Amino acid sequence: MARMKFQTLTEQMFYTLLCLKDECYGMDILDRVPAMTNQRVNVGSGTLYTLLEQFLDAEMIQETKVEGRKRSYVLTDKGKEILEKECIRLSAQLKDYYSIFGKGENE
Amino acid sequence: MKNIKICYVPFASHNRNGIEKYLEEKAREGWMLEKLTDFLWKFRRIEPKKMRFSVTYFPKASDFDTKPSDEQESFYDLCEHSGWKLVTSDAQIQIFCSEEENPTPIETDAVLEVATIHSAKKKYLITNYIITVLGLIHFITYLMLFFQNPIAFLSKGEMFISTFCSLMIPTLYAVEIGKYYAWYKKAKRTAELNGEFIETKGRENFQHITPCLLILDVIFYIFSTIDSKKTIIALIFASIAFGAVILAVLIHIMMKKLKASTKLNRTLIIVLVSLIVSCGMGTLIYSINDSKSVLYAKRDTAEIYEYNGLTHKTYHDDIPLKIEDLTETDYEGYSYQIVSYDKSVLVEQIVVKQRPRADALKNPSLDYSVVTPKAPFLYNFCKNEMFDIWKRNYGEDVEKCKIDASPWKAKEAYQVKYCDEMTNTFLICYENNIVQISFEYDWQVTAEQMEIVAQKLGK
């Protein structure tokens, strides 16, 4: 079920996982995603909470520290693998696009 | 000037858009939400201002929570970090507000949001399913009682209104379930297809009529049974139910103050409420059946005697027609019993028995029942039903034969034939009521006696 669920990632999933390459708190993710995407992608706090729970269940991330209410997480090998697969998929898509329209047009 | 306002707000629990819009409007009017429960919302006066509200759901929360769990607190922290301050929460519903112009919404993924709402709502719907099923069982039981003896059923006002309530309650709950699933199906599909969240529409929450129906049921029951012990029993019953609710609320408040765990709170509420309800109901049922109790539901027997090793009872009820009114007798040991007397807005029925003591059975007995339909359209229904009851009891061998109604001073009169033999049972239809009377088999009813019956029972 979990594997099926994360076969492709939404933008919010993708950037959340990306932030977790290094250990960080949930709150950091809320700030980093818009900063990383030039405000193009925003993750809502409720959505982030649900995503973190689902990633934990799917063992894509793990909890590193629990300081009272503050929790930090980091990507697991499985999470890295899924992120990498998604990256390959996106790259392939991009490659296909360029092969049709050429690379220069978008630049 | 009032600074606190308590409102009844009938929103379905999943109607997040409805609640948000309502709260934003209230803040503009100068009222800020302070607390919410299933039925009542408490507002505090503030400077009117433009605020954004966000209603979200925390599926892991429960009605028995005495304080937010650590996970819930972490969720609040995340929300606060994005500019959303918790206003209040009730079980799974969490309400936040923000004074920022355009804060990042708490939910930014429609698929996840619909799934979160659904997992919160699923918990909530369990109660709906239980109440729907119980209500339907209740309704079917009433329906069976109606078909067994419609006149007895219609003459009991409390039954009539309880049937109505027992049909309305599951219907309302089923409508709520249906409405929710219609929204959920559509919302899930739309979210998956184009990532949009379909607004939850409508303010009404029909389920909230349920308590009103139950109160109506109790009030009607009390009024329909007034001046009988049933009223006291109904009041005690209602007090036990009400007391149980109050007790649950008090325990919850106390546990919240003591910051007890959800598990302890849940256990304590369930154990104590079940204990109070079962003790209360047990005592009530025992009192109804205990002849020494003031609540003893059965009529006081005037005398209990033994004959041939069996116990018999002699009643001294005030009955409208006695054998002594019809014929001379020097026997004084009769039992005069009103077997039942019921009166509703639709039908009034009295069932009477006059019997000699078991040691003097050579004296005649008399049985009759008088049915008074309160509405003209029920007259023929009651008449046919009074005959059909015999058919149900004695089979197809029962026939009614029309006889001359004039000596009975009635509109119509019938004599009952059983296995081709005339019995001494009559069905007499007066202008406003119907009398069914059975004389002793060898009693030759005279015209004078028929007239007395008309005077005493006919209306």
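# A tour of chains A and B

Select helix H11 of chain B, residues 447–457; Gln449(B), Met450(B), Ile452(B), Val453(B), Ala454(B) and Leu457(B) are its buried residues to display. This is a predicted model. Now add the surroundings of H11(B): its buried residues pack against helix H9 (323–326) and against three strands of chain B, S11 (366–373), S14 (421–429) and S15 (434–439).

**The sheet S4-S6-S5 in chain B**

Next, select strands S4, S6 and S5 of chain B, which in that order make up an open sheet of three strands with antiparallel pairing. S4 (52–57) and S5 (85–90) stand at the edges; each has a single partner strand, so one side of each has no neighbour in the sheet. On average, neighbouring strands here are turned by 20 degrees against each other, direction ignored.

Zoom in on S4(B) and S6(B), residues 93–98. The two strands run antiparallel and are joined by six bridges. To find one facing pair, pick Tyr57(B), which stands opposite Ile93(B) in S6(B).

**Helices on the sheet**

Keep the sheet displayed and add helix H1 of chain B, residues 16–29. H1(B) lies across S4 and S6 of chain B, and its direction is at about 150 degrees to S4(B). Then add helix H2 of chain B, residues 70–81, which lies across S4, S5 and S6 of chain B and runs at about 25 degrees to S6(B).

**From chain B to chain A**

Leave H2(B) on screen and select helix H4 of chain A, residues 45–57. The axes of H4(A) and H2(B) come within 8 Å and cross at roughly 140 degrees. The two helices are therefore oblique to each other, and their crossing is right-handed. From H4(A), show Ser45(A), Gly46(A), Leu48(A), Tyr49(A) and Glu53(A); from H2(B), show Glu71(B), Phe75(B), Leu78(B) and Cys79(B), since these residues make the contact. By class, the contact has five nonpolar, two polar and two charged residues.

**Two helices within chain A**

Finish in chain A with helix H2 (residues 11–19) and helix H5 (residues 77–101), whose axes come within 11 Å and cross at roughly 130 degrees. That angle makes H2(A) oblique to H5(A). The crossing of H2(A) and H5(A) is left-handed. Display Phe14(A), Leu17(A) and Leu18(A) of H2(A), which meet Leu83(A), Glu86(A) and Leu90(A) of H5(A). This contact of H2(A) with H5(A) has five nonpolar residues, one charged residue and no polar ones.

Methods:
Residues are numbered from 1 along each chain as its sequence is written. Chains are lettered from A and ligands numbered from 1 in the order in which they are written. This is a predicted model: local features need pLDDT of at least 70, side-chain atom pairs count only at pLDDT 80 or more; totals for chains, interfaces and linings use all residues. Side-chain values use heavy atoms; hydrogens and water are left out. Axes are lines fitted to C-alpha atoms, for helices over the stretch in contact, and angles run from 0 to 180 degrees between N-to-C directions. Helices (H or I, at least four residues) and strands (E, at least two) are DSSP runs, numbered from the N terminus. Angles under 35 degrees count as roughly parallel, over 145 as roughly antiparallel, 65 to 115 as roughly perpendicular and the rest as oblique. A crossing is left-handed if the near helix is turned anticlockwise from the far one by less than a right angle, and right-handed if clockwise. Contact means heavy atoms within 4.5 Å. Ala, Val, Leu, Ile, Met, Phe, Trp, Tyr, Cys and Pro count as nonpolar, Asp, Glu, Lys and Arg as charged, and the others, Gly among them, as polar. Two strands pair if DSSP finds at least two bridges between them. Buried means under 20% relative accessible area, exposed over 50%, partly exposed in between (1.4 Å probe, protein chains only).
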